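Here's a quick tour of a metal site and the fold around it. Have the coordinates open while you read.

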Amino acid sequence: MTAQNHGRSNPLRIPKVPHAIFALVLLVGVAPSALFGQGQSTAKPRPRVIVIGVNGMEMDVIRPLILQGKMPNLAGVIKKGTYGKLRTVSAPNCPRVYSTLFTSTRPEEHGVSGFVVGGITANTNMLKEEPIWSMLSKNKITVGMANVPATFPVLPVNGYMISGMLTRGKNCEDGVLCAPKLSEVQGGEAVYPPDLKAELIKNVGDFYIDCERMPSAEQLKDHEPEVIDAWLKKVDVIRAQQTQLFDYLLNMHPTDFTWLAQSCEDRTGHWLYPIAPYNAGYNPKINAIRTDAFPNEYVGFDGVLGSILKHVDDKTYVFIVSDHGIKPLREFEQTDPHAHMDHEKTTPVIAKHDFADGDDVPGSFFAMGPGIKQGLRLMGLDASVYDLAPTILHLYGIDPAKQMRGRVLSEIFENSDGKVAQK
Ligand SMILES: [Zn+2]
């Protein structure tokens, strides 16, 4: 289920719904000095957890890179921890799955069912179930989130939140992914607390808040090599800015719980997945030019991961999760006029994750930290996107909320009350 362009004439239509009840009773009583993780003084240190979201991480592409030694940081996480595939929701797309990761509820329950919901670009005012950042904040856990998809407009947390994919701004169309800079954001706040925005612009610069929009077929026509190269260069700039942003936040505003995300991998895979001439949608003018482009995105991600891991000690939990994978188009879709077009239906895509045969492409999951099994490979697709939030709450000693449909992934822990997976 891809998003649709519902017309360019529509201005931003983010409703002025009074923010959901969960959004924030929580800051009552939290002193400003405590917002950034200082000034808390409880006897027992709280676990430190870093979640890194990678949009559309595809193990079929990653595995050869690991074997070639091109992803040393991820290889290190695999060696020190547990990993496997992560079952996802049906017809997965980014806002739909991220909102399930946040709430451990079904898309029809949390309300963010796609890029466009009821004719309006997905936004946090639509979220009908309580997200994990709110639960953690209420429990006085400090929370930091940056570039996480489907977090625009940002909501107050006991820490900071900088929005990611689906942030609206200059030159954005309804339901279409775009890459506004921080100063170009429109229709809502991209940074909480508001003071942090000026600080980031001063110290990190006016960074792009999401990955670059894919070029249209029209832009590509007869200029394929130049357009592809320029696009990939811009993606490199965005990734470098994100690396700098994450490094700044982890240095200057450490929080108990941190969630950072990357979205350029999926975006690149949709139109530059290294397919063969026999694959559906193959166009040599585009697909024969940079067959290294998509694998290179993961090599780039590994660099970002390395920069984050500098802030990780052996007491820190690290979770790397993706909302879904991505695979080349399938033969039956050659007859579907929309199958080769992306979210805005203008870009020729050659890979996707919401197949008409119902084969939902799973995401992936990597975890390491105190008490997490080393060298365990999860088999059988038992772990799902519903399980991330309950598992994180468990680390903080918080019971999952009753509406949550996932479970604590007890099999990844060394001491898990006998419910231990086979090694
Ligand atoms: Zn995608």
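H270 sits at 4% relative accessibility in this predicted model, so with the cut-off for buried set at under 20%, H270 counts as buried. D266 comes out at 3%, so D266 is buried as well. The two share a helix: both belong to α9 (residues 264-272), four residues apart, or about one turn of the helix.

What do they coordinate? Both are donors to the zinc ion, D266 through two OD atoms and H270 through NE2, and H353 adds its own NE2. Distances run from 2.0 to 2.8 Å. Along the sequence the donor residues follow the spacing D-x3-H-x82-H.

If you're thinking about parameters for the metal, look at the angles too. The four donor atoms subtend 51 to 137° around the zinc ion, so the arrangement is irregular. For reference, the ideal angle for four tetrahedral donors is 109.5 degrees.

Now for the sheet. Nine strands make up an open, mixed sheet, in the order β7-β6-β5-β8-β1-β9-β12-β2-β13. Its edges are β7 (191-192) and β13 (376-378), each of which pairs on one side only. Helix α11 (residues 293-309) packs on this sheet and touches β1 (48-54), β8 (257-262), β9 (316-321) and β12. The direction of α11 makes about 170° with that of β1.

Some of the strand pairings, side by side:

| Strands | Sense | Bridges | A bridge pair |
|---|---|---|---|
| β1 and β8 | parallel | six bridges | V51 and W259 |
| β5 (residues 143-147) and β8 | parallel | four bridges | M145 and W259 |
| β2 (residues 82-86) and β12 (residues 363-368) | antiparallel | five bridges | G84 and F365 |

W259 turns up twice there: in β8 it stands opposite V51 and is also the bridge partner of M145.

How much of β8 is buried? Six of its six residues are, so the strand is mostly covered. In a regular strand the side chains alternate between the two faces of the sheet. In β8, F257, W259 and A261 point one way, while T258, L260 and Q262 point the other way. Residues on both sides of β8 are buried.

Helix α12 (residues 388-395) is another covered element. Seven of its eight residues are buried, so the helix is largely enclosed by the rest of the structure. The buried residues of α12 are L388, A389, P390, T391, I392, L393 and L395. Their cover includes the strands β1, β8, β9 and β12, along with the helices α3 (94-103) and α5 (132-138). After α12 comes G397, which has a positive phi near 75°.

Zooming out, the chain has 12 helices and 13 strands. Buried residues account for 60% of its 423 residues. Among contacts with a separation of 6 or more, 75% link residues 24 or more positions apart. The accessible surface of the chain is about 16,900 Å², and carbon and sulfur atoms hold 53% of that area.

Terms used: Residues numbered from 1 in each chain as written. Predicted model: local features only at pLDDT ≥ 70, side-chain atom pairs only at ≥ 80, totals over all residues. Heavy atoms only, no water. Pairing = 2+ DSSP bridges. Contact = heavy atoms within 4.5 Å. Axes fitted to C-alpha atoms, helices over the stretch in contact; angles between N-to-C directions. Donors = N, O, S within 2.8 Å, 3.2 Å for Na, K, Ca; no water. Tetrahedral: all angles 85-135°; square planar, octahedral: opposite > 155°, others 65-115°. Buried < 20%, exposed > 50% of the residue type's maximum accessible area, 1.4 Å probe, protein only. Areas by Shrake-Rupley, 256 points an atom, 1.4 Å probe, with all protein chains shown as cover.
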